[in-house]
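Student: Hey, I'm new to this one. Can you walk me through it?
Tutor: Sure, have a look and ask away.

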Amino acid sequence: APRAADRFFNLVRHGFFDGQRFFRIVRGRLVQFGLHNTPEIASRWYGATIPDDPKRGVNATGTLAFATGEGADSRTTQIFINLADNVDFDRQGFVPFGLVVEGMEALAAINDEYGEVPEQGRILAEGEEYLGRNFPALDRIETAQLVD
């Protein structure tokens, strides 16, 4: 999935994920992140969609895939990590672009008390103010970095 890999590379390179919270957690299925906690930054990236990649690979445990909006070519910044083999995601067109090679136990331990309750529209509009006030125990990414 070259387009997804390139987008992920650029988001990490620009520090996009630093300080972001895991806002959607479906126990035993997935954890999702990728909505910036500063609305001005989120809005700049949210309209920058990337074309879909060819369907290859499977949504196996530990793979990363971009979430999609409505319709084709609607991926932006939201990513989920599969905590299980999610074969139904393959049928839905989610194309894996990466694999967690170390640290799955940390992902399985992410606080899931809020599940899917945080509203994505409010995260985009209000950012950290909304998340911190209503979901203070959400886990976050301290720093995402590229290593050789």
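Tutor: One term before we start: two strands pair if DSSP finds at least two bridges between them. Also keep in mind that this is a predicted model.

Student: OK, so how do S3 and S5 pair?
Tutor: In the antiparallel sense, over three bridges; S3 covers residues 63-66. Thr63, for instance, has Leu99 in S5 as its bridge partner.

Student: And what order do the strands of the sheet come in?
Tutor: The order is S1-S2-S4-S3-S5, five strands in an open sheet with antiparallel pairing. Strand S1 (24-26) and strand S5 (96-99) are the edges, each pairing on one side only. From one strand to the next, the twist averages 20°.

Student: Which strands does helix H1 touch?
Tutor: Helix H1 (residues 2-13) packs on the sheet and touches S3, strand S4 (79-82) and S5. The direction of H1 makes about 90° with that of S3.

Student: Switching topic: how many aromatic pairs are there?
Tutor: Twelve turn up in a search of the whole structure. One of them is Phe8 with Phe97: the ring centres are 5.3 Å apart and the planes at 50°, so the pair is tilted. Phe8 sits in helix H1 and Phe97 in strand S5, 89 residues apart, so this pair links distant parts of the chain.

Student: Is Phe97 buried or exposed?
Tutor: Phe97 counts as buried because its relative accessibility is 17%, under the 20% cut-off. Phe8, at 23%, counts as partly exposed.

Student: Which residues share an aromatic cluster with them?
Tutor: Phe16, Phe17, Phe22, Phe33, Trp45 and Phe66 join Phe8 and Phe97 in one aromatic cluster.

Technical notes. Residues are numbered from 1 along each chain as its sequence is written. This is a predicted model: local features need pLDDT of at least 70, side-chain atom pairs count only at pLDDT 80 or more; totals for chains, interfaces and linings use all residues. Side-chain values use heavy atoms; hydrogens and water are left out. Helices (H or I, at least four residues) and strands (E, at least two) are DSSP runs, numbered from the N terminus. Axes are lines fitted to C-alpha atoms, for helices over the stretch in contact, and angles run from 0 to 180 degrees between N-to-C directions. Contact means heavy atoms within 4.5 Å. Rings of Phe, Tyr and Trp (its six-membered ring) pair if their centres lie within 6.5 Å; planes under 30 degrees apart count as stacked, over 60 as edge-to-face and the rest as tilted. Buried means under 20% relative accessible area, exposed over 50%, partly exposed in between (1.4 Å probe, protein chains only).
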